[in-house]
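The following exercises concern the strand arrangement of a protein chain and the surroundings of one of its residues. Please work through each task with the structure at hand before reading the solution.

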Amino acid sequence: MSLDTQFTEKIEELTLADEDVPLVHELDLDKIPAGRISKLWVVLFEDALKPMTVPVIIAKGIIISGVISDEGYRPGPVVGMTSSLHGDEVNGVRVIHRLFQTELDPESLHGTVVAVIVANIQGFLAGTRGMDGQDLNRLMPGYTLHSSI
Ligand SMILES: [Zn+2]
């Protein structure tokens, strides 16, 4: 398979029609198929109108470093990344797309890469840094009794 063909197939995988992208309430990496790139809408919460979701792309590799041992299946490390935690900062969206389109090959990947393409949907849609006057980057990871401010 030529590099061009591989690239075209990856583009097609990433440009599925919305109705073809599964909506899930929980991100269970054990249910994600290995050896391919998957797209999901992950539901954060539901209000009276519709679910609030975030778009997620996952590359789950098929290369396994260890064999099945007493410890069981060893799927490799999981790396997570986010973009647009500040809704008006959209450069990372393109970076994630390029990474998945041109750099990540699940057939030669050991482990899993999970990318939340737009972490702050409300800020992204409004073109604002935060949401409801809050800066998510100052609230996370947060503390039990107060924010990180
Ligand atoms: Zn920022």
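**Exercise 1.** In this predicted model, identify the residue of β2 that stands opposite Val24, and place the two strands in the sheet.

*Solution.* Val24 stands opposite Val42 of β2. The strands concerned, β1 and β2 (residues 36-46), pair in the parallel sense over two bridges. They belong to an open sheet of five strands, ordered β1-β2-β3-β5-β4, with mixed pairing. Because β1 (23-24) and β4 (78-82) stand at the edges with a single partner strand each, one side of each lacks a neighbour in the sheet. Helix α2 (residues 91-103) packs on this sheet and touches β2, β3 (51-60), β4 and β5 (112-116). The direction of α2 makes about 35° with that of β3.

**Exercise 2.** Determine the sense in which β2 and β3 pair, and over how many bridges.

*Solution.* The pairing of β2 with β3 is antiparallel and extends over 10 bridges. One bridge joins Arg36 to Lys60 in β3. Four residues lie between the two strands, which form a hairpin.

**Exercise 3.** Classify Trp41 as buried, partly exposed or exposed, and list its contacts beyond four places in sequence.

*Solution.* Trp41 is located in strand β2. Within 10 Å there are 14 other C-beta atoms. Burial requires 20 or more and exposure 12 or fewer, so Trp41 is partly exposed. Leaving aside neighbours within four places in sequence, Trp41 is in contact with Val21, Leu23, Thr53 and Pro55. As for His25, its C-alpha lies 8.6 Å from that of Trp41, at a separation of 16 residues in sequence.

Notes. Residues numbered from 1 in each chain as written. Predicted model: local features only at pLDDT ≥ 70, side-chain atom pairs only at ≥ 80, totals over all residues. Pairing = 2+ DSSP bridges. Contact = placed C-beta atoms within 7 Å. Axes fitted to C-alpha atoms, helices over the stretch in contact; angles between N-to-C directions.
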